[in-house]
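Subject: Structure handover

Hello,

Here is the structure I said I would pass on. My notes follow it.

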Amino acid sequence: MEKIIKLAAKTNAYGLKGRGQFKHALKNKNCGDEIKIEFDLNEKKLMNFRYEGESCVYCQASASLLSKNLSKLTLEKLKELKNQIYDYFSNDKQNQTLVIFDFKHLLKKENNSRKECIALPINAILDTPKIK
């Protein structure tokens, strides 16, 4: 848990600036977490990701990891990461090589009830209108 708290505390991309090409908000129906995001997209490559919201440490750590690894992400890679998260918790692929290696800190069997929290920032990006 200490590692997750440290990840969540990295807030370089926290706080919306109102300059993102795309903006979206998404709420987790299971726990009430809400995240607001903004980002730019250039040839399906994510850039300038920022976030804020009322969310738990798992959601914040996930958003922080996304912002840290943004240079590695395209929409396709983000979809792959989302699938990896859900596959991990459904017991299908626990020994997979993750798109973002640092997500291994969040993917623990004891965090199964938090999988929607972990996936919320990813889902917010992928559910953004006009990028599909």
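How many of the 12 residues of H4 are buried? The model is predicted, and in it 10 of the 12 are buried, so H4 is largely enclosed by the rest of the structure. The buried residues run from Cys117, Ile118, Ala119 and Leu120 through Pro121, Ile122, Asn123 and Ala124 to Ile125 and Leu126. Their cover includes strands E1 (22-27), E2 (34-42) and E3 (45-54), along with helices H2 (57-68) and H3 (75-89).

The length of H4 (residues 115-126) was checked too. At 1.5 Å a residue, its 12 residues should span 16 Å, and the end C-alpha atoms are 16 Å apart, which agrees.

Next, the sheet. It is open, with 3 strands in the order E1-E2-E3 and antiparallel pairing. E1 and E3 are the edge strands, each pairing on one side only. From one strand to the next, the twist averages 20°. E2 and E3 are joined by 8 bridges, and Leu41 stands opposite Leu46 in E3.

Two helices lie across these strands. H4 crosses E1, E2 and E3 at about 50° to E2, while H2 lies across E2 and E3 and runs at about 160° to E3.

Finally, the largest nonpolar core has 42 residues, of which Leu46, Leu66, Phe103 and Ile125 touch the most other members. Helix H1 (2-9), E1, E2, E3, H2, H3 and H4 each give two or more residues to this core; H4 gives the most, with 7. Beyond its neighbours within four places in sequence, Leu66 has contacts that include Phe49, Leu73, Phe103, Pro121, Ile122 and Ile125.

Regards

Definitions and conventions
Residues are numbered from 1 along each chain as its sequence is written. This is a predicted model: local features need pLDDT of at least 70, side-chain atom pairs count only at pLDDT 80 or more; totals for chains, interfaces and linings use all residues. Side-chain values use heavy atoms; hydrogens and water are left out. Helices (H or I, at least four residues) and strands (E, at least two) are DSSP runs, numbered from the N terminus. The expected span of a helix is 1.5 Å times one less than its number of residues. Buried means under 20% relative accessible area, exposed over 50%, partly exposed in between (1.4 Å probe, protein chains only). Contact means heavy atoms within 4.5 Å. A nonpolar core is a set of buried Ala, Val, Leu, Ile, Met, Phe, Trp, Tyr and Cys residues joined through side-chain atoms within 4.5 Å. Two strands pair if DSSP finds at least two bridges between them. Axes are lines fitted to C-alpha atoms, for helices over the stretch in contact, and angles run from 0 to 180 degrees between N-to-C directions.
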